[in-house]
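Colleague: Could you take a close look at one part of this protein for me, and show how that part sits in the whole? I would like one connected account that I can follow with the model open beside me.

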Amino acid sequence: MNTTGEKADYPLSVLYQIKNTYGNNIAILYDVACKMGKGLKHTPQLSDLANVPRAIGAFHVYGHDAPCQVPFNPKVVKGIGLVDGEDCERY
């Protein structure tokens, strides 16, 4: 591996399958949801998901810089509700 960070290929592929199963009425909670906007806009099959609610899980959001913490905190993103986005981490 020559670069660091999470790659967008896998989550975008998963989102494509979720979109085909459930449609556009979804919210995205992911560790790097702040970076997914560009990938969604530039992927023709997913461009209609660019405006769905996106948040970073409550555990991971505080590891991001302040410009990411506030707009992507699940406590403040409209449409997320009381979900913290950390179900997989909990078990």
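Modeller: Happy to! A residue is called buried when its relative accessible area is under 20%, and exposed when that value is over 50%. Please keep in mind that this is a predicted model.

By that yardstick, buried residues account for 32% of the 91 residues in the protein. The part I would pick for the close look is Asp 65, which sits in the loop between helix H3 (58–61) and helix H4 (66–69). Is Asp 65 buried or exposed? Its relative accessibility is 57%, so Asp 65 counts as exposed. Now compare its position with that of Asp 9: the two are 56 residues apart in sequence, and their C-alpha atoms are 23 Å apart in space.

To place that loop in the whole, follow the chain from the N terminus, where the elements run α-β-α-β-α-α-α. The protein's radius of gyration is 13 Å, close to the 12 Å that the globule rule gives for 91 residues, so the protein is as compact as a globular protein of that length. Along the principal axes, its C-alpha trace spans about 35 × 30 × 30 Å. Of the contacts between residues at least 6 apart in sequence, 55% join residues at least 24 apart.

As for the surface, the protein exposes about 6500 Å², with carbon and sulfur atoms supplying 55% of it. On the charge side, there are 9 positive and 9 negative side chains, and the centres of these two sets lie 8 Å apart.

Key
Residues are numbered from 1 along each chain as its sequence is written. This is a predicted model: local features need pLDDT of at least 70, side-chain atom pairs count only at pLDDT 80 or more; totals for chains, interfaces and linings use all residues. Side-chain values use heavy atoms; hydrogens and water are left out. Helices (H or I, at least four residues) and strands (E, at least two) are DSSP runs, numbered from the N terminus. The radius of gyration is taken over C-alpha atoms; the globule rule is 2.2 Å times the number of residues to the power 0.38. Buried means under 20% relative accessible area, exposed over 50%, partly exposed in between (1.4 Å probe, protein chains only). Contact means heavy atoms within 4.5 Å. Accessible areas come from the Shrake-Rupley method with a 1.4 Å probe; for residues, only the protein chains shown count as cover. Lys and Arg count as positive and Asp and Glu as negative; His and the chain ends are not counted. The place of a charge is taken as NZ of Lys, CZ of Arg, CG of Asp or CD of Glu.
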